[in-house]
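The following exercises are to be worked with the sequence and the model at hand. Each task is followed by a solution in steps.

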Amino acid sequence: MPKFTPRVFSGIQPSGGLTLGNYLGAIKRFVEMQDAGTHETVYCMVDLHAITAELAQPEKLAHNTRELCAGFIASGIDPEKSILINQSQVPEHAQLAWIFNCVARMGWMQRMTQFKDKAGKHAQNASLGLFAYPALMAADILIYHATHVPVGEDQKQHLELTRDIAIKFNHDFGVDFFPETEPVIEGAATRVMSLRDGSKKMSKSDPSDMSRINMTDDADAIAAKIRKARTDPEPLPSDMDGLTDRPEARNLVNIYAALAEITPDAVLSDHGGKGFGDFKPALADLAVARLGPIGSEMSRLMDDQPEIDRILARGAERAREITAPILKRTYDIVGMVG
Ligand code: TYM
């Protein structure tokens, strides 16, 4: 008997619209893992994480959280099959995070590249929450004793820290209580790049809207962004080796592969030899066919906000059946009485 129930946890920040990067790198995999039926699945809007970068925007936060919930459901997350929650509504996440703030070492946190990227030159001005962000992320995962965490490539270091925190806690207290969670970073689209610059990740915080496809973009916007995507003048090669020094071309091939659910090599065996004048319209048609229905379903769901709030309230109730006992056992191990 394995010690830990096979359980998947993952989260997305409600810090702006959902991008194609979030969809291909994360949500699509969430749906596959839910539908595989091999694991319990818990998916989370991490609003406590979102406020580490921007506080005092209450209406925006509430809107983004509900829109993200609509995005999960429109993409295929079924709130009956999966537990769908907003992080702040399951208080055990923040409670365990405090203990992890006392497990994690300053030196570990200072090595986090995402903090350095986000804080930039203004580290002294960044919130304390932004610095502690990865300890809260570890708590999100470990408060469920999650065994697997599907994420994009950029979260790898945070998942290594999660394992370090679990190992140190278990070691310091002489227990075998928290699992060493496995990251699941797989497929053609674990790092979707900007449409304007093949060396930068596609991101909701990029100032240029042309750099990303938003899940709420309509067909015309999706087609225009793909048409204007930066490329090079060469035709597509017949295999992936031919794309080594062509990051923009490689990115479009990877996006095509992930949307079509085929390998990048299969894309090139169909499209190798063609120029972008042929390939881009094919990619635009595919993207509109796959993303269009999700965008319209999102806006339909957003018309019934009370229903979204009911789904999140029910999700929080179900989540707490898992998290409350794990927090209680953690408190017992630490010696917190009463
Ligand atoms: P966030 O909100 O930045 O991104 C959510 C998910 O989308 C993936 N992603 C991408 N994948 C491929 N290409 C891209 N361009 C791209 N951009 C984003 C991210 O890798 C991520 O999987 N710290 C997390 C949120 C979080 C979390 C957690 C994740 C909080 N607690 C616990 C897993 C488990 C974050 O900022 O994600």
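## Exercise 1. The largest cavity

The residues Q13, P14, G16, G17, L18, N64, E67, L68, K204 and M298 form the lining of the largest cavity. The model is a predicted one.

**Task.** Determine how many cavities of 30 Å³ or more there are, how much space lies in the largest cavity, and which helix gives the most to its lining.

**Solution.**
1. The count of cavities of 30 Å³ or more is 2.
2. The largest cavity holds about 50 Å³ of space.
3. Its lining is made up of 4 nonpolar, 4 polar and 2 charged residues.
4. Helix α3, spanning residues 58–75, gives the most to this lining, with 3 residues.

## Exercise 2. The second largest cavity and K118

**Task.** State which residues line the second largest cavity, and establish whether K118 is buried, partly exposed or exposed.

**Solution.**
1. The space in the second largest cavity comes to about 40 Å³.
2. Its lining consists of Q114, F115, K118, L130, Y133, P134 and H158.
3. By class, these residues comprise 4 nonpolar, 2 polar and 1 charged.
4. At least two lining residues come from each of α6 (113–119) and α7 (128–142).
5. K118 is located in helix α6. Because its relative accessible area is 39%, K118 is classed as partly exposed.
6. When neighbours within four places in sequence are left aside, K118 has contacts with Q13, L130 and Y133. Of these residues, L130 and Y133 also belong to the lining of the second largest cavity, while Q13 belongs to that of the largest cavity.
7. The C-alpha atom of K118 is separated by 9.9 Å from that of F131, which lies 13 residues away along the chain.

## Exercise 3. The second largest pocket

**Task.** Identify the element that gives the most to the lining of the second largest pocket, and describe that lining by residue class.

**Solution.**
1. The volume of the second largest pocket is about 460 Å³.
2. Two or more of its lining residues are given by each of α4 (92–103), α5 (106–110) and α7.
3. With 7 residues, α7 gives the most.
4. Of the 19 lining residues, W98, N101, L128, G129 and A132 lie nearest the pocket centre.
5. The lining divides into 15 nonpolar residues, 3 polar residues and 1 charged residue.

## Exercise 4. Cysteines

**Task.** Explain why C44 forms no disulfide, and assign C44 and C102 to their accessibility classes.

**Solution.**
1. A disulfide requires two cysteine sulfur atoms within 2.5 Å.
2. The closest cysteine sulfur to that of C44 belongs to C69 and is 11 Å away, so the separation is too far for a bond.
3. In the whole structure the number of disulfides is 0.
4. C44 is buried because its relative accessibility is 0%.
5. C102, by contrast, has a relative accessibility of 47% and is therefore partly exposed.

## Exercise 5. Domains and helix α9

**Task.** Give the bounds of the domains, and state which residues of helix α9 are buried.

**Solution.**
1. Domain 1 covers 7–190 + 305–334, and domain 2 covers 209–299.
2. The contact between them involves 13 residues from domain 1 and 16 residues from domain 2.
3. Taken over C-alpha atoms, the centres of domain 1 and domain 2 are 29 Å apart.
4. In helix α9 (residues 219–227), the buried residues are I222, A224, K225 and I226.
5. These buried residues of α9 pack against α12 (276–302).

Notes. Residues are numbered from 1 along each chain as its sequence is written. This is a predicted model: local features need pLDDT of at least 70, side-chain atom pairs count only at pLDDT 80 or more; totals for chains, interfaces and linings use all residues. Side-chain values use heavy atoms; hydrogens and water are left out. Buried means under 20% relative accessible area, exposed over 50%, partly exposed in between (1.4 Å probe, protein chains only). On a 1 Å grid over the protein atoms alone, a cavity is a set of points where a 1.4 Å probe fits but cannot get out, and a pocket is an open set with protein on both sides within 12 Å along at least five of seven lines; lining residues have an atom within 4 Å of a point. Grid points are joined across faces, edges and corners, and a volume is the space filled by probe spheres set on the points. Helices (H or I, at least four residues) and strands (E, at least two) are DSSP runs, numbered from the N terminus. Ala, Val, Leu, Ile, Met, Phe, Trp, Tyr, Cys and Pro count as nonpolar, Asp, Glu, Lys and Arg as charged, and the others, Gly among them, as polar. Domain bounds come from an automatic or database domain assignment. Contact means heavy atoms within 4.5 Å.
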